Amino acid sequence: MTGQQRLEAHVDKTLAENNVKQRDTINGMMKSQKVSCSYEDKMITFGFPAQPWQANRAGNMHGGMICVAFDLTLAALARFFAREDFVPTISLDVKYVRPVSVGDTLLVTAKATAAGARITQLTCEAHSKTSGKLIATGASVYLNADTVKEHAQKTAN
């Protein structure tokens with residue numbers, strides 16, 4: 001299986017887990033969609049419909065929901081490089097540029113800038129599907145260890 005095929009399979013598995021298995025959690029409620037992925041470029045793009053329940057008092061997607069969209073997209077790519085089912089976020093820095101309206105779709109592109117043995121560093125950008133304008137940017141770091149699995153192994157011993 002090529003790297004691109006492995007990434008495509010990982011993205012499909014992630015979206016099935018988020019949207020079906022976790023449908024009653026924030027992960028599922030975000031209704032993430034596959035837009036694109038590139039093994040060569042170390043990047044994935046997910047789409048997130050801006051839904052009425054996500055609106056702030058101005059009627060736009062709440063900044064916290066943009067942050068959730070970033071985390072879901074970034075973590076999916078970080079898990080791919082870590083080859084783990086769960087990797088904890090060490091840091092996530094978000095810079096908001098402009099709002100995205102309810103009814104639009106937020107397109108979030110994550111790119112791995114460094115995938116090492118213990119951490120993966122990534123950047124991301126969000127754009128409006130309707131206008132193409134930049135909505136927000138971000139940078140993050142993930143620990144390449146499934147801490148849930150590690151904790152379970154320690155308590156079993």
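Here's a short tour of the model, one selection at a time.

**Whole chain.** Start zoomed out, and keep in mind that this is a predicted model. Colour by secondary structure and you should find 4 helices and 6 strands. Walking from the N terminus, the order is α-α-β-β-α-β-β-β-β-α. Line the view up with the principal axes: the C-alpha atoms fill a box of roughly 50 × 35 × 25 Å. The radius of gyration is 16 Å, which agrees with the value near 15 Å for a compact globule of 157 residues.

Now switch on the surface. The protein exposes about 8,300 Å², with carbon and sulfur atoms supplying 53% of that area. Of the 157 residues, 40% count as buried. If you display contacts between residues at least 6 apart in sequence, 64% of them join residues at least 24 apart.

**Lys13 and its partners.** Next, some charges. Side chains of opposite charge can pair when their charged atoms come close. The count here comes to 5 salt bridges. Select Lys13, which is partly exposed with a relative accessible area of 42%. Which residues does Lys13 pair with? One is Glu17, with the closest N and O atoms 3.5 Å apart. Both sit in helix H1, and being 4 residues apart puts about one helical turn between them.

Another is Asp85, where the closest N and O atoms are 3.3 Å apart. Asp85 is in the loop between H3 and strand E3 (89–96) while Lys13 is in helix H1, so this pair ties together parts that are 72 residues apart in sequence. Asp85 itself is exposed, at 58% relative accessible area.

**Lys34 and Asp12.** Move on to Lys34 and show Asp12 with it: they form a salt bridge, the closest N and O atoms being 3.2 Å apart. Lys34 belongs to strand E1 (residues 33–38) and Asp12 to helix H1 (residues 3–21), so the bridge links parts 22 residues apart in sequence. Buried or exposed, or in between? Lys34 is partly exposed at 33% relative accessible area, and Asp12 is also partly exposed, at 40%. Add Glu8 to your selection: salt bridges with shared partners join Glu8, Asp12 and Lys34 into one network.

**Last stop: a nonpolar patch.** Select Ile26, Met29 and Trp53, which form a nonpolar patch on the surface. Together they have about 250 Å² of accessible area. Trp53 comes from the loop between strand E2 (43–49) and helix H3 (63–82), and counts as partly exposed at 37% relative accessibility.

Notes
Residues numbered from 1 in each chain as written. Predicted model: local features only at pLDDT ≥ 70, side-chain atom pairs only at ≥ 80, totals over all residues. Heavy atoms only, no water. Patch = residues over 30% accessible without salt bridge, like charges linked within 9 Å, V, L, I, M, F, W, Y side chains within 5 Å. Areas by Shrake-Rupley, 256 points an atom, 1.4 Å probe, with all protein chains shown as cover. Salt bridge = Lys/Arg side-chain N within 4 Å of Asp/Glu carboxyl O. Helix = DSSP H or I, 4+ residues; strand = E, 2+ residues; numbered from the N terminus. Buried < 20%, exposed > 50% of the residue type's maximum accessible area, 1.4 Å probe, protein only. Rg over C-alpha atoms; globule rule 2.2 N^0.38 Å. Contact = heavy atoms within 4.5 Å.
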